Amino acid sequence: MVYVMSDIHGNEEKFDNLLMQIDLKESDTLYILGDIVDRGPRPIEILKRVMQMDNVKMLLGNHEHMMLQSYFLQCKPEEKTLCAERWKRNGCEVTIDGLNRQTMADKKRIYEYVKNLPLNLEIEVEGKRYLLVHGFPEELFGVRESRFTDKTFFTVWERITKDDVMPEGKTVIFGHTSTDNYQECTPPKIWYGNNMIGIDCGGGYGGSGRISCLCLNTMQEFYA
Ligand SMILES: [Mn+2]
């Protein structure tokens, strides 16, 4: 079976609850569409577990991108303050705490893993093509109007709207923008648009927010 999940944001309890619900087997594949870190209590612990799981594949989210830029100093020196402030507004403290508790070797492993994460992945399940993205399809950079002038920023930060036209022949599955932007529903649910499926059910924000998981073989939905 193939599953997608997104925006876990340090919520290890909800992550474990979902893993239990789907009963993930070694022969299954779970795609996590970015934003494991920041906000919730155990972001680095989840990230380290994911790094060890051969059947879990992850995309870069804007929160991992902020971590790379600020903690691992991938930003331009003149943008250091700007990046640090942006990350601070987005719940970085738990991630910094978690990273500071790691050995040098583990920090290096985390850095190597995160900096090599793909922006998008295209997969086929049951004869259907899916494009997995965190924020927006990379191939629409320069096509879709955006305030982001850098392709990575565009892909991890830009938000899909109901009226966006997705690339032909595939269904885009995305996180990043919680589904209450597209539909009124309490608690939030997975949103199905025109060739696009939004799976961020606001689990990173507490309240009635949930983390969702979708099985692409059966389209069965799971929530925690
Ligand atoms: Mn995001």
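Me: How do you know how far apart the mean positions of the positive and negative charges of the chain are?

Reply: In this predicted model, the chain carries 27 positive and 34 negative charges, where Lys and Arg count as positive and Asp and Glu as negative. The mean positions of these two sets of charges are 4 Å apart.

Me: What makes the chain as compact as a globular protein of its length?

Reply: The chain has 7 helices and 10 strands. Its radius of gyration is 17 Å, and the globule rule gives 17 Å for 224 residues, so the chain is as compact as a globular protein of that length. The C-alpha trace spans about 45 × 40 × 30 Å along its principal axes, and 55% of the 224 residues count as buried.

Me: Why is Val2 called buried?

Reply: A residue is called buried when its relative accessible area is under 20%, and Val2 has a relative accessibility of 15%, so Val2 counts as buried. Val2 belongs to strand β1, which covers residues 2-5.

Me: Which residues does Val2 touch, not counting those up to four places away in sequence?

Reply: Contact here requires heavy atoms within 4.5 Å, and with residues up to four places away left out, the partners of Val2 include Thr29, Tyr31, Ile123, Val125 and Leu214. For one of these partners, Tyr31, the C-alpha atom is separated from that of Val2 by 7.8 Å, although the two residues are 29 residues apart along the chain.

Me: What makes Asp35, Asn62, His134 and His176 donor residues of the manganese ion?

Reply: A donor is an N, O or S atom within 2.8 Å of this metal, and Asp35 (OD), Asn62 (OD1), His134 (NE2) and His176 (ND1) coordinate the manganese ion at 2.1 to 2.3 Å. Along the sequence, these donor residues follow the spacing D-x26-N-x71-H-x41-H. Asp35 and Asn62 link distant parts of the chain, for Asp35 lies in the loop between β2 (29-32) and α2 (43-52), whereas Asn62 lies in helix α3 (residues 62-70), 27 residues apart. Both Asp35 and Asn62 are buried.

Me: Which residues of α2 are buried, and what do they pack against?

Reply: In helix α2, the buried residues include Pro43, Ile44, Glu45, Ile46, Leu47 and Val50. The buried residues of α2 pack against several other elements, among them α1 (12-22), β2, β3 (56-58) and α3, and they also pack against α5 (93-100) and α6 (104-115).

Note on methods: Residues are numbered from 1 along each chain as its sequence is written. This is a predicted model: local features need pLDDT of at least 70, side-chain atom pairs count only at pLDDT 80 or more; totals for chains, interfaces and linings use all residues. Side-chain values use heavy atoms; hydrogens and water are left out. Donors are N, O and S atoms within 2.8 Å of the metal (3.2 Å for Na, K and Ca); water is not among the atoms, so sites may look incomplete. Helices (H or I, at least four residues) and strands (E, at least two) are DSSP runs, numbered from the N terminus. Buried means under 20% relative accessible area, exposed over 50%, partly exposed in between (1.4 Å probe, protein chains only). The radius of gyration is taken over C-alpha atoms; the globule rule is 2.2 Å times the number of residues to the power 0.38. The place of a charge is taken as NZ of Lys, CZ of Arg, CG of Asp or CD of Glu.
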